[in-house]
Amino acid sequence: ETTPAPVGGNANNNNNNNNNDDSRLIASVGNWLTCPTDAQMEAYTHVVVSFAVTYTWGEMKNQCNEQCDILTPVAVCDNAPHAELVAKWRAAGKKVILSFGGAGMGGSWDGLNNCWEHCFGKEEHLAQQLTD
């Protein structure tokens with residue numbers, strides 16, 4: 001799959017310099033998808049990277065980390081970390097937001113994956129990892 005080009009927005013507004021703090025155009029980048037090009041990201045003010053997780057993917061069932069440790073480094077796109085893209089987006093004035101969870105943590109319809117269960121009662125540990 002490829003990341004779609006931005007819809008709407010002002011292509012000349014890539015640095016959040018519109019003097020209107022209420023104006024946002026948010027890109028969603030799935031870490032399993034192809035990395036977006038600079039041209040595709042140009043108009044966006046914010047980037048949501050999906051998903052940070054606490055499991056290793058398994059064909060039959062995901063292998064949960066029982067301590068609720070987030071796998072690092074977090075994949076950004078192309079199933080790889082791409083810290084250089086995050087740095088480039090931040091340097092361009094974009095706010096980068098990391099989304100935690102996803103279907104493989106236990107929100108999927110298959111009922112097989114239950115990694116969320118290992119995180120209950122470990123909220124502070126999880127929050128610390130997400131903000132470091």
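Which element gives the largest share of the lining of the second largest pocket? It's β5, with 4 residues; the close-ups below start with the sheet that holds this strand and work round to the pocket itself. Everything here comes from a predicted model, where local features need pLDDT of at least 70, side-chain atom pairs count only at pLDDT 80 or more, and totals for chains, interfaces and linings use all residues. Residues are numbered from 1 along each chain as its sequence is written, and side-chain values use heavy atoms, with hydrogens and water left out.

**View 1. Three strands form an open, parallel sheet.** Reading across the sheet, the order is β1-β2-β5 (strands are DSSP E runs of at least two residues, helices H or I runs of at least four, numbered from the N terminus). β1 (26-30) and β5 (95-100) sit at the edges with a single partner strand each, so one side of each has no neighbour in the sheet. From one strand to the next, the twist averages 25° (angles run from 0 to 180 degrees between N-to-C directions of axes fitted to C-alpha atoms, for helices over the stretch in contact).

**View 2. β1 runs parallel to β2.** The two are joined by 5 bridges, with β2 covering residues 46-52 (pairing takes at least two DSSP bridges). Look for G30, which stands opposite S50 in β2.

**View 3. Helix α2 lies across the sheet strands β1, β2 and β5.** The helix takes in residues 83-91 and runs at about 135° to β5 (contact is heavy atoms within 4.5 Å).

**View 4. F51 meets W32 and also follows a cis peptide bond.** F51 belongs to strand β2, and the bond leading into it from S50 is cis, with omega near 5°. The whole structure has 2 aromatic pairs (Phe, Tyr or six-membered Trp rings with centres within 6.5 Å; planes under 30 degrees apart are stacked, over 60 edge-to-face, the rest tilted). The ring centres of W32 and F51 are 6.2 Å apart and their planes meet at 10°, so this pair is stacked. It ties together distant parts of the chain, 19 residues apart: W32 is in the loop between β1 and α1 (38-41), while F51 is in strand β2.

**View 5. The loop between β4 and α2 holds P73 and D78.** P73 lies in this loop, which follows β4 (63-64), and the peptide bond from T72 to P73 is cis, with omega near -5°. Further along, D78 has a positive phi of about 55° although it's not a glycine.

**View 6. The largest pocket has a volume of about 570 Å³.** (On a 1 Å grid over the protein atoms alone, where a 1.4 Å probe fits, a pocket is an open set with protein on both sides within 12 Å along at least five of seven lines, and lining residues have an atom within 4 Å of a point; the volume is the space filled by probe spheres on the points.) It's lined by 27 residues, with N31, V53, Y55, W57 and N62 closest to its centre. β2 gives the most to this lining, with 3 residues.

**View 7. The second largest pocket holds about 470 Å³ of space.** Of its 18 lining residues, V74, R90, L98, L130 and D132 come closest to the centre. Two or more residues each come from β2, α2, β5 and α3 (123-131).
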